[in-house]
2 protein chains.
Amino acid sequence: MLGDFSYCNPTKLYFGAGAVKHLNDELPKYGKNVVLIYGGGSVKKNGIYDEVVALLESNGKDVAEIAGVMPNPTVEKLYEGMEIARRHKADLLLAVGGGSVCDYAKALAVSVNCDEDPWEKYYLRFDEPTCEVLPVGCVLTMVGTGSEMNAGAVLTNHKSKLKIGHVFADEKVMPRFSVLDPTYTLTLPHYQMVAGIYDIFSHICEQYFSGEDDNTSDYIAEGLMRSLLHSSRIANKDMKDYEARSNIMWTATWALNTLISRGKSTDWMVHMLGQAVGAYTDATHGMTLAAVTMAYFKHILPFGLAKFKRFAVNVFDVDPTGKSDAEVAEEGLKALESWMRELGLVMNISELGVTEDMLEGLADATRIQRGGYKILDRAEIIEIFKESM
Amino acid sequence: MLGDFSYCNPTKLYFGAGAVKHLNDELPKYGKNVVLIYGGGSVKKNGIYDEVVALLESNGKDVAEIAGVMPNPTVEKLYEGMEIARRHKADLLLAVGGGSVCDYAKALAVSVNCDEDPWEKYYLRFDEPTCEVLPVGCVLTMVGTGSEMNAGAVLTNHKSKLKIGHVFADEKVMPRFSVLDPTYTLTLPHYQMVAGIYDIFSHICEQYFSGEDDNTSDYIAEGLMRSLLHSSRIANKDMKDYEARSNIMWTATWALNTLISRGKSTDWMVHMLGQAVGAYTDATHGMTLAAVTMAYFKHILPFGLAKFKRFAVNVFDVDPTGKSDAEVAEEGLKALESWMRELGLVMNISELGVTEDMLEGLADATRIQRGGYKILDRAEIIEIFKESM
């Protein structure tokens, strides 16, 4: 554990079947005006919307709505929400949905009282909020992003073809509370479930594959990966397995709430590559990550050999006896690929709609990270996208 | 992951060499009257006291002191501190020391504004605070208890020969902030260092060895144990190894801040046995745990065989090929014992001052837990103490 850091994660989590009843503990802490935020309407079909609205009503709240938050929320949608929240004089933003809806609520929380253009301030300049930040609560219905317990918010700007995530340093941006009910995730389509699972796995990898020092965070990361491999295999066979789905939900939260990045440089290159694909194709986030991972890992393996070897042995139980480090490391990547195929993840970007003529644009849209085992240049980024076709 | 739970841990942690400077970020948040709490005076010898006092002064604080908090803080010392904190109209309690000093500060925080006798209310009836809880900050100088990020406080009552821990449910009892500077721990004697390491390991085990369900918490626990085994071996050879000592410090915090107990029943029997020994002998806490562990684990092994087997394989890398479950599990316990002896832990209670005539009294002082693989009766407790002699 080298380097100095601070850690603070005050989000209160209510976990378990029926946990939404704890809105009764939280809603009284805030003023009357609530803005309820949700996505495409699946929460209306599965009854979660009705449950939440009933609790808002019984707590005497005056509710305005922002509906139709899309899977990759746009800056235009943010501007629209700012109008609604301002007009309603919002005391609390309540997100009901997956990571996109939570992210959107947090982006809104730092924008409602902001005098500047939030895209420029938070996503181009990466400034911290200087205005009052509205409190956010989440009722999570999809699993993967960890948005329920962190200060991150990804937005997409279609005009400039950019999908950018800002992880705010200010813990006031974190949700004040989040409701995590694994039963809410049981009705998701298989495609969404496995995309979420891979998003979680990628988050862990992107913090794990950096640094050469010894670090407790890496041991915790290995535990989370082992748990996820185990539970995902059960859930892949039986999507209704509550135990497996609840473990996946809990792993997702801890994969990206800053814990396992403490003391680490981290390398978010897979997300940068995947987000570029997302900005061009609007493909499901987790699938964009899966589709670029193997090419990226194969590319950086020689530069992070010791860690890829450790990954093979400690996460995938590869037996290192009588093998070279490179052989062990490559066997680990094969095991990873085999698990990804078992889940049915999308393993190339062509399948997500990427065509040859987009490659230069994708490279332009890819933000280069500096925390990993190899800092990529533009030519390498294009090569990785080509390998991923 | 079965069962419902909530999780909230708002303590802000400042980690790293020189982290005490962050008192400048925290002190301005509180009123003028600070009660500075410390132990036997080692903080005066190593300069930490002077550093903290200088920061209190430059932040314009009016400071009263409670000195001489003992390794197993007593209820009499609590009464004395209540007088001081009341007289000083304390706005903040600042603990500078190890787990005992932090525990004491938290016990004081819930007692200063309490109308009833705190021993009766919190330690005999296990009530939650109904009064205003004073804010606590910690500057940690010893590692092991996790007190810097939890709501637990252990007190000893010499008159009734009871040492009782209360883990408060109310997150307001948790420290508002804690400073974790690994360099502060470098000057500890070897005996204190390894006792702290074993305290950490025991905390993890006591949450791990319960339940038969599949649970992400257990995977995180295994990661923490592997990290601790690794770092403790390095620190045992070179106490000045900053990387190892910092990993140990960080592991200690996560071993007992409620994370790895989420969704678990937990079994604190080793602490119950050890605390009885502590109440009779005033021995170092971690050593009392080490001295009773092997007898307890051997006793419950047949009832938790599957978990002890998993422990052997996942934590101590025992190769299970061609062995019975019991053989694998026993090999795991041998590996544990061998690591404990390598560290130089006290492996029996006679060495800590327990004599045959105390055994009945020890059994009386042992609170029976109900979360583990075997609920002990009084005869079994006496048997375990005898085995531990």
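This is a short tutorial dialogue on reading a predicted model with chains A and B.

Q: Let's begin with symmetry. How is chain B laid on chain A, by what turn and what shift along the axis?

A: The general idea is that two copies of a chain are related by a rotation about an axis and a shift along it. Here a turn of 180° with a shift of 0.0 Å along the axis lays chain B on chain A, with an RMSD of 0.0 Å. That is the relation of a two-fold axis.

Q: Which C-alpha of chain B is nearest the axis?

A: That of Pro10(B), which lies 2.0 Å from the axis. Both copies use the same surface, since 100% of the contact residues of chain B recur in chain A.

Q: Now the interface. How many residues of each chain are in contact with the other chain?

A: The size of an interface is often given as the accessible area lost when the parts come together. Here we can count residues instead: 34 of chain B are in contact with 34 of chain A. On the chain B side, the elements giving two or more residues are strand 1 (5–15), helix 8 (216–237) and helix 9 (242–255). Strand 1 of chain B provides the largest share, 10 residues. By class, this side of chain B has 15 nonpolar, 12 polar and seven charged residues.

Q: In what sense does strand 1 of chain A pair with strand 1 of chain B?

A: Their pairing is antiparallel, over seven bridges. For a register mark, find Leu13(A), which stands opposite Tyr7(B).

Q: Let's follow strand 1 into chain B. How many bridges join strand 1 of chain B to strand 8 of chain B?

A: Four bridges join them, and the two strands run parallel. Phe15(B) stands opposite Leu180(B) in strand 8. Strand 8 of chain B also pairs with strand 5 (residues 136–140) of chain B, in the parallel sense and over four bridges. There Val139(B) is opposite Val179(B).

Q: Are the faces of strand 8 of chain B covered or open, and which residues tell us?

A: In a regular strand the side chains alternate between the two faces of the sheet. In strand 8 (residues 177–180) of chain B, Phe177(B) and Val179(B) are on one side, with Ser178(B) and Leu180(B) on the other. These four residues are all buried, and both faces are covered.

Q: And a hairpin: how many residues lie between strand 6 and strand 7 of chain B?

A: Four residues lie between them, and Lys161(B) in the turn has a positive phi of about 50°. Strand 6 (residues 152–157) and strand 7 (residues 162–167) of chain B pair in the antiparallel sense over six bridges. Thr156(B) has Lys163(B) as its bridge partner.

Q: Which residues touch the most other members of the largest nonpolar core?

A: Of its 261 residues, they are Ile37, Leu93 and Val96 in chain A and Ile37, Leu93 and Val96 in chain B. Beyond its neighbours within four places in sequence, Leu93(A) is in contact with residues including Val35(A), Ile37(A), Leu108(A) and Val136(A).

Q: For contrast, why does Ser338(A) count as exposed?

A: Ser338(A) has 10 C-beta neighbours inside 10 Å, and the cut-off for exposed is 12 or fewer. Ser338(A) sits in helix 13 (residues 325–343) of chain A.

Q: Last, the domains. What are the domain bounds in chain A?

A: The domain assignment gives domain 1 (12–185) and domain 2 (190–387). Their centres are 27 Å apart, taken over C-alpha atoms. In chain A, 18 residues of domain 1 are in contact with 26 residues of domain 2. The domain 1 side of that contact divides into eight nonpolar, seven polar and three charged residues.

Methods:
Residues numbered from 1 in each chain as written. Chains lettered and ligands numbered in written order. Predicted model: local features only at pLDDT ≥ 70, side-chain atom pairs only at ≥ 80, totals over all residues. Core = buried A, V, L, I, M, F, W, Y, C linked by C-beta atoms within 7 Å. Buried ≥ 20, exposed ≤ 12 C-beta atoms within 10 Å, placed from the backbone. Contact = placed C-beta atoms within 7 Å. Domains from an automatic or database assignment. Nonpolar A, V, L, I, M, F, W, Y, C, P; charged D, E, K, R; others polar. Pairing = 2+ DSSP bridges. Least-squares fit on C-alpha atoms with pLDDT ≥ 70 in both.
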